[in-house]
Each structure stands twice: as C-alpha cells, then as structure tokens.
Amino acid sequence: MGFSIVGTMIAAVMLLPNIIYLFFPPQNIPQDIKGAGRFFAVMEHMGQIALIVLLVVSRDSFDGRAFDVWAVLMVICIAVYYALWLRYFLGGRQARLLYRPLLSLPVPMAVFPVFAFAFSGVWGNSLFLLAASAVFALGHIPNSLHKAKLFK
C-alpha cells in the first residue's frame, strides 16, 4: 500500500465528469426523483468512498504493472462513459439523458463506471478494488434503474 499516481489518475478521470456536473446540473429534473432506498444509497456511497481511497493508495497494485487486456477494457469503459457524458452535455443537460439506454443497456451511465472500476481491480490484481466495485454496483445500478423509471 502507498500512494499510487496511476490509481489517483484513474480516480480523477472517473470523478471529473461528476465534478463538472456539480456546476452544470441537469435541466428538467423531476421534483420527486428519489433513489431505490436508504440501503442502496449507503452501498453506493460506501462503494464510491472505498474505490477512491483504494485507488489512491494502490501503489502495489498498479506500479510497474503492464498495460494488458484488463487495462484496455477499463479504458474502453471510461471512453464510453465519457461519450455518454458528452451526450448529456451536448443534449442540453436534460435529466432524461442521464438515464437514457444505450442500445439495449438500460442505465449505461451507471454500468460503465462500475465496469471501469471492476476492470481496474482485475488489472491491479486487487480483491479490495473488486469488492469495492461490487459494493458500488449494489447501490449505484439499482438507484439509477429506479430513477430511470421516471423518464419512461
């Protein structure tokens, strides 16, 4: 364990669109939008915190690690995630775009970050990152699915 520049870069890249989102919130968001419940909210936030902390202190997982198929899959997931954020921003920041399906995938803006974090755990050979990804998924995907129902 120790500070990891690679892990910190992964965390920063994943957080950047969310930070921008804070300054440019969605238009036309329903007043009654709620998540799937307290349990899912707690899991989502615990997973987020654990992922960021673990990535930042994951020197042993990433330092000297070769860029392999898992890293490529992580980068592809991040690229798709960014494309979805572009769809949101270029689409006038309409709230429905945050939950709009991609092909047959119902909440891609929830699924792709989960996969990106999970692939970072596989690439870094870190069971802790994989577990944190699972906790994050347990909260983030149900919350997003629940909110997406408001836009059908």
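Is Trp-85 buried or exposed? In this predicted model, Trp-85 has a relative accessible area of 6% and is therefore buried. Its ring takes part in a pair with Tyr-88, a residue whose relative accessible area is 0% and which is likewise classed as buried. Both residues belong to helix H4, where they stand three residues apart, about one turn of the helix. Ring pairs further join Trp-85 and Tyr-88 with Tyr-21, Tyr-81 and Phe-89 into a cluster.

Across the structure, 13 aromatic pairs were found. One of them is formed by Phe-62 and Trp-123, whose ring centres are 5.2 Å apart and whose planes make an angle of 50°, an arrangement classed as tilted. This pair connects distant parts of the chain, since Phe-62 is in helix H3 (residues 59–62) and Trp-123 in helix H5, with their positions 61 residues apart in sequence. Phe-62 has a relative accessible area of 2% and is therefore buried, and Trp-123, at 7% relative accessibility, also counts as buried. For the rings of Trp-85 and Tyr-88, by contrast, the centres are 5.5 Å apart and the planes lie at 85°, so that pair is edge-to-face; the angle exceeds the limit of 60 degrees above which a pair is given this class.

The largest nonpolar core comprises 33 residues, and those with the most contacts inside it are Ile-10, Met-14, Leu-55 and Met-74. Two or more residues are contributed to this core by each of helix H1 (5–23), helix H2 (38–56), helix H4 (69–90), H5 and H6. Of these elements, H5 gives the most, with nine residues. The surroundings of Leu-55 can be described in more detail: when neighbours within four places in sequence are left aside, Leu-55 is in contact with Ser-4, Gly-7, Thr-8, Ile-10, Ala-11, Phe-62, Phe-117, Ser-120 and Leu-129. The contacts of Leu-55 thus include Ile-10, itself among the core residues with the most contacts, as well as Phe-62, the partner of Trp-123 in the tilted pair.

Ser-126 is placed in the loop between helix H5 (108–123) and helix H6 (127–148). Despite this loop position, Ser-126 has a relative accessibility of 9%, which is under the 20% limit, and is therefore counted as buried. Once residues up to four places away in sequence are excluded, Ser-126 touches Ser-61 and Gly-121.

On the surface, Leu-15, Leu-16, Ile-19, Ile-20, Leu-22, Phe-23 and Phe-24 make a nonpolar patch of about 680 Å². Leu-16, one of the residues of this patch, is found in helix H1. Its relative accessibility is 41%, so Leu-16 counts as partly exposed; this value lies between the limits of 20% for buried and 50% for exposed residues. The C-alpha atoms of Leu-16 and Tyr-99 are 19 Å apart in space, the two residues being separated by 83 residues in sequence.

Two loop residues were noted for their backbone geometry. Most residues other than glycine have a negative phi. Asn-28, although it is not a glycine, has a positive phi of about 55°, and Leu-103 likewise shows a positive phi, near 55°. Asn-28 is located in the loop between H1 and H2, whereas Leu-103 is found in the loop between H4 and H5. With regard to solvent, Asn-28 counts as exposed at 59% relative accessibility, and Leu-103 is exposed as well, with a relative accessible area of 85%.

As for charged side chains, the count comes to one salt bridge. This salt bridge is formed by Asp-60 and Arg-59, with the closest N and O atoms 3.9 Å apart, a distance that falls within the 4 Å limit and is therefore counted. Asp-60 has a relative accessible area of 53% and is exposed, while Arg-59, with a value of 37%, is partly exposed.

Technical notes: Residues numbered from 1 in each chain as written. Predicted model: local features only at pLDDT ≥ 70, side-chain atom pairs only at ≥ 80, totals over all residues. Heavy atoms only, no water. Helix = DSSP H or I, 4+ residues; strand = E, 2+ residues; numbered from the N terminus. Buried < 20%, exposed > 50% of the residue type's maximum accessible area, 1.4 Å probe, protein only. Contact = heavy atoms within 4.5 Å. Core = buried A, V, L, I, M, F, W, Y, C linked by side-chain atoms within 4.5 Å. Phe/Tyr/Trp six-rings, centres within 6.5 Å; stacked < 30°, edge-to-face > 60°. Patch = residues over 30% accessible without salt bridge, like charges linked within 9 Å, V, L, I, M, F, W, Y side chains within 5 Å. Areas by Shrake-Rupley, 256 points an atom, 1.4 Å probe, with all protein chains shown as cover.
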